[in-house]
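The exercises below are meant to be worked through with the sequence and the 3D structure in view. Each one sets a task and then gives a solution in steps.

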Amino acid sequence: MRYSVIIPVYNRPDEVDELLQSLTTQTVKDFEVIVVEDGSSVPCQAVTEKYQHTLDLHYYTKPNSGPGQTRNYGAERSRGEYLIILDSDCILPPGYLAAVEQELQTAPADAFGGPDRAHASFTPIQKAINYSMTSFFTTGGIRGGKKKMDKFYPRSFNMGVRREVYLALGGFSRMRFGEDIDFSIRIFKGGYRCRLFPDAWVYHKRRTDLKKFFKQVHNSGIARINLYKKYPESLKLVHLLPAVFTLGVALLLIGSPVCLFSLTPIALYALLVCADSTVQNRSLRIGIYSIAAAFIQLIGYGTGFWRAWWNRCVCGRNEEMEAFKKNFYK
């Protein structure tokens, strides 16, 4: 068995249906699919049964413990030479596994990952969120890619790892947030070969509204400080940019009653985001939504970062911070 596709899922039967359907279209067929239900109240078993005759599919259920431990549960029951980790809200183009195979044939890799794009069926808000998560003008450069500002760290929505490496590292840690970056850091610290596969991209829905998006990125900001406490060398200058942006916006807003010109940098940034997103998405509406998504992403991350920094680095609290824990998947 060449590949094991591992999908943790929580209350997302419709999205799992779309992902499984996209797996049936893969031009490379040497793979199995492992769906692990993480304590869902709305299970997807009926959905998986639709694909039992078209996919080598295995369905498991377990008590809720978060995506990291759920991926480990699936990995323990897998048979593939490489484990492909996907989020349940992804859709694969037909050539996804072929692109992975081509990269592996070209040069060996112990771990890898790919970028993401917006599908034509996504809502305008989802496309705006996708823009804010991939654009060089937000944090797309931090996350890695062709225009990267830091080296590429695979993320769990689209990650591959050789089985022996996964087992040697013990899989994902018990961190509730940032567990994929924790895993990537351990991959690099272990001296393993890790690469970006630019043609192995996925359609990634992410969050479906701006409120849920804020919760996601706020937790990501908290996770960055948690990671810093575990691996001090992992905190780079680029990771401070959302926090600096948040502080700068706050200072400019405070100064606006005295000098309206202090709002000029905010307005110019909003226009830049709007123009770039409008051109990329060919939609002024998405461009306008992208302003909100970009500010929510940077400020949500920045406030989570400052909050965790204050609690863990200034106040000296040793426990890992978490926020919106009950809403992790929502």
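**Exercise 1. Decide whether Asp 14 is buried or exposed, and place this residue in the fold.**

Step 1. Asp 14 has a relative accessible area of 64% and therefore counts as exposed, where buried means under 20% relative accessible area, exposed over 50%, and partly exposed in between (1.4 Å probe, protein chains only).

Step 2. Asp 14 sits in helix α1, residues 13-23; helices (H or I, at least four residues) and strands (E, at least two) are DSSP runs, numbered from the N terminus.

Step 3. From C-alpha to C-alpha, Asp 14 and Val 47 are 8.0 Å apart in space, although 33 residues apart in sequence.

The model is predicted, so local features need pLDDT of at least 70 and side-chain atom pairs count only at pLDDT 80 or more, whereas totals for chains, interfaces and linings use all residues. Residues are numbered from 1 along each chain as its sequence is written, and side-chain values use heavy atoms, with hydrogens and water left out.

**Exercise 2. Find which residue pairs with Arg 79 in a salt bridge, and describe both partners.**

Step 1. Side chains of opposite charge can pair when their charged atoms come close. The term salt bridge is used here for a side-chain nitrogen of Lys or Arg within 4 Å of a carboxyl oxygen of Asp or Glu, and by this rule the count comes to 20.

Step 2. The partner of Arg 79 is Glu 32, with 3.0 Å from N to O. This pair links distant parts of the chain, 47 residues apart, with Arg 79 in the loop between α3 (67-76) and β4 (82-86) and Glu 32 in strand β2 (residues 31-38).

Step 3. Arg 79 is partly exposed at a relative accessible area of 48%, whereas Glu 32 is buried at 0%.

**Exercise 3. Work out where in the chain the partners Asp 87 and Arg 71 lie, and whether they are buried or exposed.**

Step 1. Asp 87 forms a salt bridge with Arg 71, and their closest N and O atoms are 3.9 Å apart.

Step 2. Asp 87 belongs to the loop between β4 and β5 (90-91) and Arg 71 to helix α3, so that the pair links distant parts of the chain, 16 residues apart.

Step 3. Asp 87 is buried, with a relative accessible area of 19%, and Arg 71 also counts as buried, at 2%.

**Exercise 4. State how many cavities the search finds, and describe the second largest.**

Step 1. The search of the whole structure finds four cavities of 30 Å³ or more. A cavity is a set of points, on a 1 Å grid over the protein atoms alone, where a 1.4 Å probe fits but cannot get out, and lining residues have an atom within 4 Å of a point.

Step 2. The second largest cavity holds about 50 Å³ of space, and its lining includes Ser 65, Gly 66, Pro 67, Ser 173 and Met 175.

Step 3. By class, this lining has two nonpolar, five polar and two charged residues; Ala, Val, Leu, Ile, Met, Phe, Trp, Tyr, Cys and Pro count as nonpolar, Asp, Glu, Lys and Arg as charged, and the others, Gly among them, as polar.

Technical notes: On a 1 Å grid over the protein atoms alone, a cavity is a set of points where a 1.4 Å probe fits but cannot get out, and a pocket is an open set with protein on both sides within 12 Å along at least five of seven lines; lining residues have an atom within 4 Å of a point. Grid points are joined across faces, edges and corners, and a volume is the space filled by probe spheres set on the points.
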